[in-house]
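Visitor: I would like a close look at one part of this protein, please. Could you walk me through the largest pocket and what surrounds it?

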Amino acid sequence: QVQLVESGGGLVQAGGSLRLSCAASGMIFRINAMGWYRQAPGKQRELVASITYGGTTTYADSVKGRFTISRVNAKNTVYLQMNSLEPEDTALYYCNGLIRAAASRDTETYWGQGTQVTVSS
């Protein structure tokens with residue numbers, strides 16, 4: 001069974017930084033794109049950043065220049081470095097991966113359980 005586990009969330013003051021990590025475990029053949037999404041109370045889940053296996057990145061306009069996504073393929077891990085945090089960044093952050101499990105011929109989308117990020121003003 002493939003699992004994604006996030007860590008690194010917490011409470012930080014505006015202007016501060018946090019680094020989120022997400023590790024995929026289980027019988028994995030290959031991880032294609034990985035990404036971070038967030039969902040604030042009363043709002044829809046939105047894409048924050050994504051990264052392909054080869055390292056091509058995309059960002060939401062609201063986080064460009066402040067957040068950096070990276071990954072270590074050998075560790076099946078993706079990171080999100082968040083700088084200059086703003087109260088508007090407060091949300092539950094989810095890790096997402098497009099993964100082909102070892103026993104499967106199909107690529108499926110997997111989600112982590114989420115990690116809370118709270119930015120105080």
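Guide: Happy to; we start with the pocket, follow one of its residues outward, and then visit a few other places.

First, some ground rules. This is a predicted model, in which local features need pLDDT of at least 70 and side-chain atom pairs count only at pLDDT 80 or more, while totals for chains, interfaces and linings use all residues. Residues are numbered from 1 along each chain as its sequence is written, and side-chain values use heavy atoms, with hydrogens and water left out.

Now to the pocket. Rolling a probe the size of a water molecule over the atoms shows where empty space is left. Here the largest pocket holds about 200 Å³ of space. Its lining comprises 14 residues, and the closest to the pocket centre are Arg38, Ala40, Lys43, Glu46 and Glu88. By character, the lining divides into seven charged residues, four polar and three nonpolar. For the terms: on a 1 Å grid over the protein atoms alone, a pocket is an open set of points where a 1.4 Å probe fits, with protein on both sides within 12 Å along at least five of seven lines, whereas a cavity is a set from which the probe cannot get out; lining residues have an atom within 4 Å of a point. Grid points are joined across faces, edges and corners, and the volume is the space filled by probe spheres set on them. Asp, Glu, Lys and Arg count as charged, Ala, Val, Leu, Ile, Met, Phe, Trp, Tyr, Cys and Pro as nonpolar, and the others, Gly among them, as polar.

Let us follow arginine 38. This residue lies in strand β4 (residues 28-39); strands are DSSP runs of E with at least two residues, numbered from the N terminus. Arginine 38 has a relative accessibility of 6%, so it counts as buried (buried means under 20% relative accessible area, exposed over 50%, and partly exposed in between, with a 1.4 Å probe and protein chains only). The arginine 38 side chain makes a polar contact with the side chain of glutamate 46 at 2.7 Å, and another with the side chain of aspartate 89 at 2.9 Å. A polar contact is a pair of N or O atoms within 3.5 Å; within protein, one must be able to donate a hydrogen and the other to accept it, and residues adjacent in sequence count only if both atoms are side-chain atoms. Leaving aside neighbours within four places in sequence, arginine 38 is also in contact (heavy atoms within 4.5 Å) with residues including Gln44, Val48, Phe67, Glu88 and Tyr93.

The partner aspartate 89 sits in the loop between β8 and β9. With a relative accessible area of 1%, aspartate 89 is buried. Not counting residues up to four places away in sequence, aspartate 89 touches Arg38, Arg66, Phe67, Ser84, Val117 and Val119. Its C-alpha atom is separated by 20 Å from that of isoleucine 51, 38 residues apart along the chain.

One of the residues that aspartate 89 touches, serine 84, is in the loop between β8 and β9. Serine 84 is partly exposed at 39% relative accessibility, and has a positive phi of about 50° although it is not a glycine. Asparagine 76, in the loop between β7 (67-72) and β8 (77-82), likewise has a positive phi, near 50°. Its relative accessible area is 24%, so asparagine 76 counts as partly exposed. For background, most residues other than glycine have a negative phi.

Back on strand β5, leucine 47 is partly exposed at 36% relative accessibility. Apart from neighbours within four places in sequence, leucine 47 is in contact with Trp36, Tyr37 and Ala60. The C-alpha atoms of leucine 47 and aspartate 89 are separated by 12 Å.

Finally, the disulfide. The structure holds one, formed by cysteine 22 and cysteine 95 with their sulfur atoms 2.1 Å apart; a disulfide is a pair of cysteine sulfur atoms within 2.5 Å. This pair links distant parts of the chain, 73 residues apart, with cysteine 22 in strand β3 (residues 18-25) and cysteine 95 in strand β9 (residues 91-101). The torsion about the S-S bond is about -80°, so the disulfide is left-handed. Cysteine 22 is buried at 0% relative accessible area, and cysteine 95 is buried at 0% too.

Note on methods:
Helices (H or I, at least four residues) and strands (E, at least two) are DSSP runs, numbered from the N terminus.
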